[in-house]
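Here are my notes from going through the backbone and one of the strands. Have a look at the model first, then read on.

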Amino acid sequence: MQPLGSGNATRPTPWMLIDGPSRGTAQVARFESIGVKLPERRRTTRELLARTRHRTDIDLERLTGIHEARVCSGDEDSLSLAVGAARDCLARSHYAAGDLDMVISASITHYAGRDRFQFEPPLSLSIKEAIGADRAMSFDLGNACAGMLTGVFVLNDLVRRGAIRRGMVVSGEFISGLSINALRDVRNIHSKELASLTLGDAGAAVIVDRASDGPGVALAGFTTISEHSRLCLGGPAPRSPGARMLTKGREIHRAAIQDAPLLLSNALDGAGLRLRDIDWLVPHQTSSRAIHKLAERLGDKGPKHIVINLENFGNTASTSHFVALHRYLSEGRFQRGDKVLLLALASGLEIGIVLLVMDELVETHGHTH
């Protein structure tokens, strides 16, 4: 692993911790299978805004590109979504749950019941017991909306070093409660809780294992630009159960978009690649407007395609990259050899990348074993 970037007299260039191309005897990791669990209930953006306490006249669908999102109902929660995604992932895998060496739970939300937030025992333990991964080590990892990609970063390192053979990163996000709590206070497009109205619930899981051949995960890296750490804050809701999120949306998007191109270019240099070599960029799914601005910032030398997958899902927090990957794999959008760059832009400000070169996953994803 190595830091990238250099400083200058006025403003240091942000650095990124990189786990780069294999050297010497290092192994290569890959995505072996991906699973998703979505709630059955759909809630449109228009339906949500009709419930605001104050008359807002906000056209949120036009601003964000989000028509609807999936939201938990009945006995659905973070744990059930995570377990459902893990089972879907295993159904598409050549492995059984008992073959897993490690299970990492990376969700922001830890609901095991509609009103019970579970800190201990760790949610990862409940997940591994539910799926039968009895011999796997397990732990929870939290890194805001970058959680799942951070888990992949960890597994990639462990697999490459030969410390483990295979592991699963899983997340269940029952995060739509933030939307309900925001309805009381949102008044206009400048409201700090406006971003909470873009959220949807989802579960996702990925198995990372050792590639027998082929490129697999070519690059993984993370950095935190802590000067922007106060732009998105979460905490207990003052007048209702659950939490609230206060976001300076324009500022956090501006900060992320400003620094991302430099970090991406620096990171890809280490792999001998340029942005124009990337076939698909999958950014965190916050709003279509923010993603389009990122595309403009990257310019003509940017990736060939940029994935926007939020129209029918919203921002599903730590699961958003894998909900998008699952959909595009199911629709046959990717081909072998495609370079897919997953870009995390999360509170912190956390910027992370995972560069995946597509292999037989494009053929096996649609089949259960």
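1. Start with strand E16, in what is a predicted model. Glu350, Gly352, Val354 and Leu356 point one way from the strand, while Ile351, Ile353, Leu355 and Val357 point the other way. Both sets are buried. Since eight of the eight residues of E16 are buried, the strand is largely enclosed by the rest of the structure.

2. Which strands pair with E16? One is E10 (residues 217-224), which runs antiparallel to E16 over seven bridges. If you want a place to check the register, Val217 has Leu356 of E16 as its bridge partner.

3. The other is E15, joined to E16 by eight bridges, again in the antiparallel sense. Here Lys339 stands opposite Val357 of E16.

4. Now the turn of that hairpin. Three residues sit between E15 and E16, and Gly348 takes a positive phi near 155°. The peptide bond from Gly348 to Leu349 is cis, with omega near -10°. Leu349 belongs to the loop between E15 (339-346) and E16 (350-357). I'd look at this spot with some care, because most peptide bonds are trans.

5. There is also a cis bond leading into a proline: Glu120 to Pro121, with omega near -5°. Pro121 is in the loop that runs between strand E6 (102-105) and helix H4 (123-131).

6. On to phi. Most residues other than glycine have a negative value. Ala144 goes against that, with a positive phi of about 55°. Where does Ala144 lie? It is in the loop between strand E7 (137-140) and helix H5 (147-160).

7. Ala317 is another case: its phi is near 55°, again positive in a residue other than glycine. Ala317 is in the loop between strand E14 (305-306) and helix H9 (320-330).

8. Are these two alanines buried or exposed? Ala317 has 0% relative accessibility, so it counts as buried, the cut-off being under 20%. Ala144 has a relative accessible area of 25%, and so it is partly exposed.

9. For a second look at the backbone, my list would include the cis bonds from Glu120 to Pro121 and from Gly348 to Leu349. I would add the positive phi values of Ala144 and Ala317.

Key. Residues are numbered from 1 along each chain as its sequence is written. This is a predicted model: local features need pLDDT of at least 70, side-chain atom pairs count only at pLDDT 80 or more; totals for chains, interfaces and linings use all residues. Side-chain values use heavy atoms; hydrogens and water are left out. Helices (H or I, at least four residues) and strands (E, at least two) are DSSP runs, numbered from the N terminus. Buried means under 20% relative accessible area, exposed over 50%, partly exposed in between (1.4 Å probe, protein chains only). Two strands pair if DSSP finds at least two bridges between them.
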